[in-house]
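Colleague: I would be grateful for a close look at a single part of this protein. Please describe the open sheet, together with whatever packs on it and whatever ties its surroundings together.

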Amino acid sequence: LVFERAVGEARPGVPHSADSPWRLASVTKQLVALVAMQEVAAGRLDLDMPMATLWPGWPAPHAATVTPRMLLRHESGLADPAESRPDRDGIPEFYRRTGAAAAPTRAAAGYCAQAPRALPGSGYHYDNCDFIVLGALLERLTGRSLAALLEERIARPLGITTLGLFRFDAPPAPHATGTVGGKAEPALNLGTYGGAGSAYIAPRDLWLFDRALLRHRLLDRVATAQMWTGDPAIGFAAFGAWAYAARLAGCPDPVDLVERRGMIGGVQIRNFLAPASGTAVLLFVNRAEFDFGEVGAGTGFAYDMLAAALCPAPGGNGTP
């Protein structure tokens, strides 16, 4: 670990710290993709097997066509929670459900399995239902809850103590909260996101997860390469992340990157991996209006941080 800094407040009166929990939002998808690929590597999951075979009785109209690969790459055509009816605050009602209706396993066989927005394989559309369904499928295949899978497959082997999953039927565990437009973020049921965004972890523990991925402690090289192969035809989407080459200031050649973004409410995260150098760059902020920029455009805060971390000045020690 060569550079770490925390500034500002996690919530009123509580300063940020690299060992305090944050919601992971869609970075959760990286963890779920890892568990899915562990099942693939073990020969217990075929990414191209129809969901109708893997999950008999799953009521989606296209269950015989949708596959786990489509879920991992957002090509399933499933219904999208972001398109559910907005409430009076403009929040999709899906994320404000309470009681039994808020359970991700129920949504996987309910809302997500109803009224598909497109035919499977007809195109890319970023959709939380893909990973809500994938998380529920992994629970069925393994006989373990998603929370237990994250504990057994990631937290325990790596000695991580802050990883958990928000429950849909209980108040959220203490974590960094955010602001939207300078005001407290709207209340959401963070447990409704399931495998798409319900995890929480401390930044330093996410770094341990990243390092384990880069060192192939959790998944072999062949399966990791499959997980991190971005398809340019669908915006370089890989499995639970994006993988692409970027030109960075100070580096003579393009740098291969794996990028995972997360945002719920006022919390934003960027989790970058550079497999060739074994480097991870993690950025957390709890202001919705903060602009990370676009790495591919060659400008912005995330771009500057990556260039500093991965392209040190000649004669420097490599520390940003």
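Modeller: The account below begins with the sheet, continues with the helices that touch it, and ends with the disulfides. Please keep in mind throughout that this is a predicted model.

The sheet is open and contains 4 strands, in the order 8-9-10-11, with antiparallel pairing. Its edge strands are strand 8 and strand 11, each of which pairs on one side only. From one strand to the next, the twist averages 25 degrees.

We may now cross the sheet from one edge to the other. Strand 8 and strand 9 run antiparallel and are joined by 5 bridges. Within this pairing, W242 has E259 of strand 9 as its bridge partner. At the other edge, strand 10 (residues 267-274) and strand 11 also run antiparallel, with 7 bridges between them. Here Q268 is matched with V285, which is its bridge partner in strand 11. Strand 10 and strand 11 form a hairpin with 4 residues between the strands, and in that hairpin G278 takes a positive phi near 70 degrees.

Is strand 11, an edge strand, mostly covered or mostly open? Strand 11 (residues 279-285) is mostly covered, since 5 of its 7 residues are buried. Two helices that pack against the sheet deserve attention at this point. Helix 7 (residues 203-214) touches strand 10 and strand 11, and its direction makes about 155 degrees with that of strand 11. Helix 9 lies across strand 9, strand 10 and strand 11, and runs at about 150 degrees to strand 11.

Helix 9 (residues 301-310) may be examined residue by residue. Its buried residues are A302, Y303, L306, A307, A309 and L310. The spacing of such a list is easier to read with one general point in mind: an α-helix has 3.6 residues a turn, so residues three or four places apart point the same way. The cover over the buried residues of helix 9 includes strand 9 (255-264), strand 10 and strand 11.

The end of helix 9 leads to the disulfides. A disulfide is a covalent bond between the sulfur atoms of two cysteines. One of these links joins C251 to C311, with 1.9 Å from S to S. The link of C251 and C311 is left-handed, with -100 degrees about the S-S bond. It connects distant parts of the chain: C251 is in the loop between strand 8 (242-246) and strand 9, whereas C311 is in the segment after helix 9, 60 residues apart. Both C251 and C311 are buried.

The count of disulfides comes to 2, and the other pair is C112 and C129, whose sulfur atoms are 2.0 Å apart. The torsion about the S-S bond of C112 and C129 is about -80 degrees, so this disulfide is left-handed. C112 lies in the loop between helix 4 (104-109) and helix 5 (128-142), and C129 lies in helix 5, so the pair ties together parts that are 17 residues apart in sequence. C112 and C129 are both buried. With bonded cysteines counted along the chain, the disulfides follow the pattern 1-2, 3-4.

One item from a record may be added for context. In an unreviewed entry, UniProt places the feature "domain: Beta-lactamase-related" at residues 2-290. This span is 26% helix and 16% strand, and its end C-alpha atoms lie 24 Å apart.

How values were computed
Residues numbered from 1 in each chain as written. Predicted model: local features only at pLDDT ≥ 70, side-chain atom pairs only at ≥ 80, totals over all residues. Heavy atoms only, no water. Buried < 20%, exposed > 50% of the residue type's maximum accessible area, 1.4 Å probe, protein only. Helix = DSSP H or I, 4+ residues; strand = E, 2+ residues; numbered from the N terminus. Pairing = 2+ DSSP bridges. UniProt positions renumbered as here; feature names shortened; annotations may be inferred. Contact = heavy atoms within 4.5 Å. Disulfide = S-S within 2.5 Å. Axes fitted to C-alpha atoms, helices over the stretch in contact; angles between N-to-C directions.
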